[in-house]
Amino acid sequence: MKFSIFFSKLQEAPWYGAFLQPVLDKIDKPGKVLDIGTGSGKLLQLLVNEKGMKCTGVDTDSAMLLEAKKKLKKLPVNLQLIAPGLPLPFKQQSFDFITICSVLFHLNETMINNLLMDSLQLLTKNGKVIVLTPTGQHTLWKLSKHFFSLQNWSIYVWYKATQQRAKVWGSRQYLKHYCMKHNLSYQRHLVMHGFAQVETISR
């Protein structure tokens, strides 16, 4: 099975909805959303169906976008393939929210800085960048306490696959320091019983 197909199926598990819910909770007004690293499109599906947002999703993986097209069939969503490292192909101040889920903690410092700079230029005046990342914290016992079910078996794969990078990301507090350096507003909240965190950036 291709990873893109596996990942798309993984996103349908109940736990993945719980993972994404804090991002939906941060969307507090109607508007346009850009989802960077949209993968197979689950967040876009939720944003359209539950929030009525106008959504654009971008990814560097064409196989992921093919799965997203299947998931988002008949929904008014714009999907675009982008090249790694190049500026995002949109006009400045085009989006009210920019979501970046499970992406930044995989990137090097140069790539993070470039993506954040691009994102801030694309935000409207009162817009927000919303970053969702696993924390890599706690134990498998606690994970089972909150999420154990046959439908949630894939959460163990997610936990082990992201744990190391997630711990490094959390210890560096990269976005907090970035915002202090660039005089930006920053908020961080632990979510999903401490297994994930939402970081929000605004001007």
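Me: Is Glu 67 buried or exposed?
Reply: This is a predicted model, where local features need pLDDT of at least 70, side-chain atom pairs count only at pLDDT 80 or more, and totals for chains, interfaces and linings use all residues. Residues are numbered from 1 along each chain as its sequence is written, and side-chain values use heavy atoms, with hydrogens and water left out. Buried means under 20% relative accessible area, exposed means over 50%, and partly exposed lies in between (1.4 Å probe, protein chains only). Glu 67 has a relative accessible area of 9%, so it is buried.

Me: Which side chain meets Glu 67 in a salt bridge?
Reply: A salt bridge is a side-chain nitrogen of Lys or Arg within 4 Å of a carboxyl oxygen of Asp or Glu. Side chains of opposite charge can pair when their charged atoms come close. The partner sits three residues from Glu 67 in helix H4, so about one helical turn separates them. With 3.1 Å from N to O, the partner of Glu 67 is Lys 70.

Me: What relative accessibility does Lys 70 have?
Reply: Although Glu 67 is buried, Lys 70 counts as exposed. The relative accessibility of Lys 70 is 57%.

Me: How many salt bridges does a search of the whole structure find?
Reply: Glu 67 and Lys 70 form a salt bridge, and Lys 71 forms one with Glu 12. The search of the whole structure finds a total of four.

Me: How many residues apart are Lys 71 and Glu 12?
Reply: In their salt bridge, the closest N and O atoms are 2.6 Å apart. Lys 71 belongs to helix H4 (residues 62-71), while Glu 12 is in the loop between helix H1 (3-10) and helix H2 (14-26). Helices (H or I, at least four residues) and strands (E, at least two) are DSSP runs, numbered from the N terminus. The pair thus links distant parts of the chain, separated in sequence by 59 residues.

Me: Lys 128 forms a salt bridge too, but with which residue?
Reply: The closest N and O atoms of this pair are 3.0 Å apart. Lys 128 is partly exposed at 22%, whereas its partner counts as exposed at 52% relative accessibility. The partner of Lys 128 is Asp 28.

Me: How many aromatic pairs does the structure hold?
Reply: Rings of Phe, Tyr and Trp (its six-membered ring) pair if their centres lie within 6.5 Å; planes under 30 degrees apart count as stacked, over 60 as edge-to-face and the rest as tilted. The number of such pairs in the structure is 13.

Me: How are the rings of Phe 3 and Phe 6 arranged: tilted or edge-to-face?
Reply: Both residues lie in helix H1, three residues apart, which is about one turn of the helix. The ring centres are 6.2 Å apart and the planes are at 40°, so the pair is tilted.

Me: Which residue has its ring centre 6.0 Å from that of Tyr 159?
Reply: Tyr 159 and its partner are both buried. The planes of the two rings are at 75°, so this pair is edge-to-face, and the partner is Phe 195.

Me: Which residues have the most contacts inside the largest nonpolar core?
Reply: A nonpolar core is a set of buried Ala, Val, Leu, Ile, Met, Phe, Trp, Tyr and Cys residues joined through side-chain atoms within 4.5 Å. The largest one has 38 residues, and H2 gives the most to it, with six. The residues with the most contacts inside it are Trp 15, Phe 19, Leu 132 and Met 192.

Me: Which residue has the backbone oxygen that the side chain of Thr 135 reaches?
Reply: Thr 135 is found in the loop between S5 and helix H6 (140-147). It is buried, with a relative accessible area of 4%. Its side chain reaches a backbone oxygen at 2.7 Å, and that oxygen belongs to Gly 194.

Me: What radius of gyration does the chain have?
Reply: The radius of gyration is taken over C-alpha atoms, and the globule rule is 2.2 Å times the number of residues to the power 0.38. With 203 residues, a compact globule would come out near 17 Å. The chain agrees with this, having 16 Å.

Terms used: A polar contact is a pair of N or O atoms within 3.5 Å; within protein, one must be able to donate a hydrogen and the other to accept it, and residues adjacent in sequence count only if both atoms are side-chain atoms.
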